[in-house]
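Subject: Structure handover

Hello,

Here is the structure we spoke about, for you to load. My notes on what was found follow below it.

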Amino acid sequence: MTAHRLLPTALIAMASVSVLAWQQPPPTPPASQTQPPRQPAEIELSIMGEPGAPPRYAVPDFIALGTDEQTRGAAKSIAQVLWDDLAFEREFYMIPRDTYASIPAAKSPETVPFERWRELGADGLIIGTVRKVNDTFQVQAWLYNVKMQKSVFGKEYTGGTRNERIFAHTISDEIHMQQRALQGVARSKLAFASDRDRESVTGTVQKRDVKEIYISDYDGANQQRATAQRRLNLTPAWSPDGRAIAYTAYRNESPDIAVSFIYKAAAPTWPARGKGHNFVPAWSPDGTKLAFWSNRDGNPEIYVMSADGSNARRLTHHRASDVSPAWSPSGNQIAFVSDRTGSPQIYLMDADGSAVRQITHESWADRPTWSPAPYNEIAYTSRTGPGYDIAIYDVATGQRRHITFGEGSNESPSFAANGRHLAFMSTRLGKSHIFTIGRDGKGLKQITKVGNNFMPNWSR
Amino acid sequence: MKKRADGSLMCLMAVFLLIVWSGCAKRQPPVARPAPPPPAAAPATPGVRPPAPPQPVSEPPVVPPEPVPIDELATKTLDELNRDSPLGPVFFEYDSAELPADAQAQLTTNAAVLKQRATWVITIEGHCDERGTAEYNLALGERRAAAARTYLMSLGIAADRVKTVSYGKEFPFDPGNTEAAYAKNRRAHFVITAK
């Protein structure tokens with residue numbers, strides 16, 4: 001790395017959507033229409049389904065306000081992505097889009113054929129418009145209570161035309177928040193290590209494939225490379241603000257912690273400063289600290305340092321290996337892996353290194369990830385045979401369950417920001433790929449399709 | 001230092017030629033040799049005692065014509081050295097960083113080479129088989145490399161000549177998933193980085 005300068009982390013700047021949280025006046029109900037006076041506001045906004053059933057939602061193609069190809073394409077794809085986003089959280093029953101292809105598209109929000117939607121059994125209906133203005137899309141979206149023929153949500157968004165999916169993701173997250181008080185993850189991202197570009201370095205020993213860090217949207221769209229260093233890069237970890245990724249990088253054949261600010265054209269920083277070998281960084285929930293493991297004192301131990309590398313402090317003192325730290329959502333505790341009983345197991349300790357206790361007693365347990373609230377769970381890689389499965393440990397009760405069942409080997413879980421989903425690596429299709437799955441083991445979704453992909457991390 | 005290297009080279013050459021000679025002797029058809037002279041006092045009744053076995057012919061000692069002044073290892077590039085390394089890898093048991101007896105023997109051999117090549121700087125790579133999880137194997141590889149390094153230091157190799165790195169299971173030498181492949185991949189591998 002002497003003469004050969006680090007390439008700046010090359011990432012196409014994401015089309016950022018400036019959300020003009022500009023409340024559209026509900027277009028349909030005339031002002032004269034009187035509201036039921038005693039009805040509380042929450043009930044008025046929240047669309048209910050039949051008793052005991054989730055509300056049924058329909059998302060027809062958005063209305064293209066313009067005849068050009070790009071606008072019409074965006075109107076269709078935003079609706080499809082929004083449908084997928086809403087289906088992902090399983091809060092609503094999403095009526096399949098092909099079943100309402102025959103319902104005439106509204107020419108404007110004022111001409112919605114509510115009776116047809118009511119016949120279909122829709123409780124909620126999302127109508128949107130897309131207009132192209134120079135290099136931006138203006139997207140409006142309304143959520144209607146079909147029974148009441150009334151808009152309960154309406155917003156306009158302006159953003160670049162390069163990534164129309166972000167409009168759908170934003171609308172989905174806002175509808176989940178308004179209707180279900182749920183933090184959606186449609187705008188979150190995944191990072192993972194991959195050998196997909198088949199790059200290798202001809203070393204002194206053998207030709208070795210490098211791995212680089214890649215990122216994608218939560219649903220696998222927009223996969224792109226975040227590092228370009230032609231070396232082994234592993235264990236990416238998103239900073240809580242989503243601007244940086246910390247990872248294990250083999251710099252001059254020496255593993256160290258790199259931090260790449262992936263939306264800036266700048267070389268990574270090296271907060272551990274090459275002191276010993278440093279691996280598997282984990283951001284504290286407030287983003288001010290990094291926990292990691294290092295051999296700097298001769299043996300694999302857990303350390304914590306400020307994100308700028310100052311105030312490095314050792315947390316574990318045991319002659320076994322203490323590795324792979326993961327913070328609790330409050331930042332008060334750290335889960336980690338130790339082989340002090342002879343095989344790797346999951347342990348917890350307070351963030352100052354005190355109160356160490358073992359929580360798994362099985363043949364092999366690795367790579368804990370701690371669920372954000374409202375769940376208090378730790379997922380980890382659990383050996384169940386020749387391969388591994390994803391296990392989830394309930395911290396309060398000590399109960400343990402598996403969410404994968406021996407299809408290939410399933411490893412390296414990472415919780416989504418709302419605790420309802422996990423990303424993990426699975427070899428169930430032969431090669432190593434990233435999948436997402438619900439915390440109940442349902443809703444398996446394949447994220448990567450090319451190369452071998454490892455060690456996913458889900459952004460906050 | 002140069003002198004010592006030459007001396008050892010002579011020894012190496014002699015050993016080499018002996019090996020070559022013995023190898024040839026085995027493969028060559030028997031060469032007609034003069035029959036041993038009959039014993040001075042022939043037994044009275046032939047047949048009672050078998051004739052004495054022919055005495056082995058003492059071959060002239062193999063002497064290299066001239067000491068070869070070229071130090072073969074010294075002329076090799078680092079890449080050539082590492083491709084056919086004089087420092088053999090050491091192998092480990094499953095999920096273990098303990099050095100088995102044969103690993104200790106190999107490390108002793110490696111230490112001897114390193115003492116002859118006092119300028120060499122090496123990196124010991126710790127590797128693991130694919131059965132463990134990738135993250136934990138980073139630690140296991142680290143400890144394997146460290147165990148090999150500590151052993152070399154106990155044999156008198158200076159600490160600053162021996163670096164380590166763990167590659168976990170990222171760079172298997174044999175991509176197969178047989179026990180033989182796993183055994184090959186559980187290793188501390190020696191790379192000469194300066195000479």
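A salt bridge here is a side-chain nitrogen of Lys or Arg within 4 Å of a carboxyl oxygen of Asp or Glu. The pair A:Asp195 and A:Arg198 meets that rule, with an N to O distance of 3.8 Å between the side chains. Please keep in mind that this is a predicted model.

Salt bridges in chain A

Over all chains, the search of the whole structure returns 36 salt bridges. In the pair already named, A:Asp195 is buried because its relative accessible area is 8%, under the 20% cut-off. Its partner A:Arg198 has a relative accessible area of 53% and is therefore exposed, the cut-off being over 50%.

A second pair is A:Arg225 with A:Glu212, where the closest N and O atoms are 3.3 Å apart. A:Arg225 sits in strand E12 (residues 224-225) of chain A and A:Glu212 in strand E11 (residues 212-217) of chain A, so this salt bridge ties together parts that are 13 residues apart in sequence. A:Glu212 is buried, at a relative accessible area of 2%. Both residues also belong to a network of salt bridges that links A:Asp197, A:Glu199, A:Glu212, A:Arg225 and A:Arg230.

The surroundings of A:Glu91

A:Glu91 is found in the loop between helix H2 (69-89) and strand E4 (93-94) of chain A. What does its side chain meet in a salt bridge? The partner is the side chain of A:Arg180, at 2.8 Å from N to O. Since A:Glu91 lies in the loop between H2 and E4 of chain A and A:Arg180 in helix H4 (residues 165-180) of chain A, the pair ties together parts that are 89 residues apart in sequence.

Is A:Glu91 buried or exposed? It counts as buried, because its relative accessible area of 16% is under 20%. A:Arg180, by contrast, is partly exposed at 32%. The side chain of A:Glu91 also makes a polar contact with the side chain of A:Arg420, at 2.8 Å. Leaving aside neighbours within four places in sequence, the residues in contact with A:Glu91 are A:Pro54, A:Pro55, A:His176, A:Arg180, A:Leu182 and A:Arg420.

The interface of chain B and chain A

The size of an interface is often given as the accessible area lost when the parts come together. For chain B and chain A the buried area is about 2600 Å², with 55% of it on carbon and sulfur atoms. Of the area that chain B buries against chain A, 26% is supplied by B:Glu135, B:Tyr136 and B:Phe171, more than by any other three residues. The contact involves 37 residues from chain A and 29 residues from chain B.

Between the two chains there are 4 salt bridges. One of them joins the side chains of B:Arg143 and A:Asp339, at 3.0 Å from N to O. The rule for polar contacts finds 17 residue pairs across this interface, both residues being at pLDDT 80 or more.

Four elements of chain B each supply at least two residues of the side that touches chain A: helix H3 (78-83), helix H5 (134-154), strand E3 (162-166) and strand E4 (187-194). The largest share of that side, 8 residues, comes from H5(B). By class, the side of chain B that touches chain A has 10 charged, 8 polar and 11 nonpolar residues.

Regards

Notes. Residues are numbered from 1 along each chain as its sequence is written. Chains are lettered from A and ligands numbered from 1 in the order in which they are written. This is a predicted model: local features need pLDDT of at least 70, side-chain atom pairs count only at pLDDT 80 or more; totals for chains, interfaces and linings use all residues. Side-chain values use heavy atoms; hydrogens and water are left out. Contact means heavy atoms within 4.5 Å. Buried area is the accessible area (1.4 Å probe) that two parts lose on being put together, summed over both. A polar contact is a pair of N or O atoms within 3.5 Å; within protein, one must be able to donate a hydrogen and the other to accept it, and residues adjacent in sequence count only if both atoms are side-chain atoms. Ala, Val, Leu, Ile, Met, Phe, Trp, Tyr, Cys and Pro count as nonpolar, Asp, Glu, Lys and Arg as charged, and the others, Gly among them, as polar. Buried means under 20% relative accessible area, exposed over 50%, partly exposed in between (1.4 Å probe, protein chains only).
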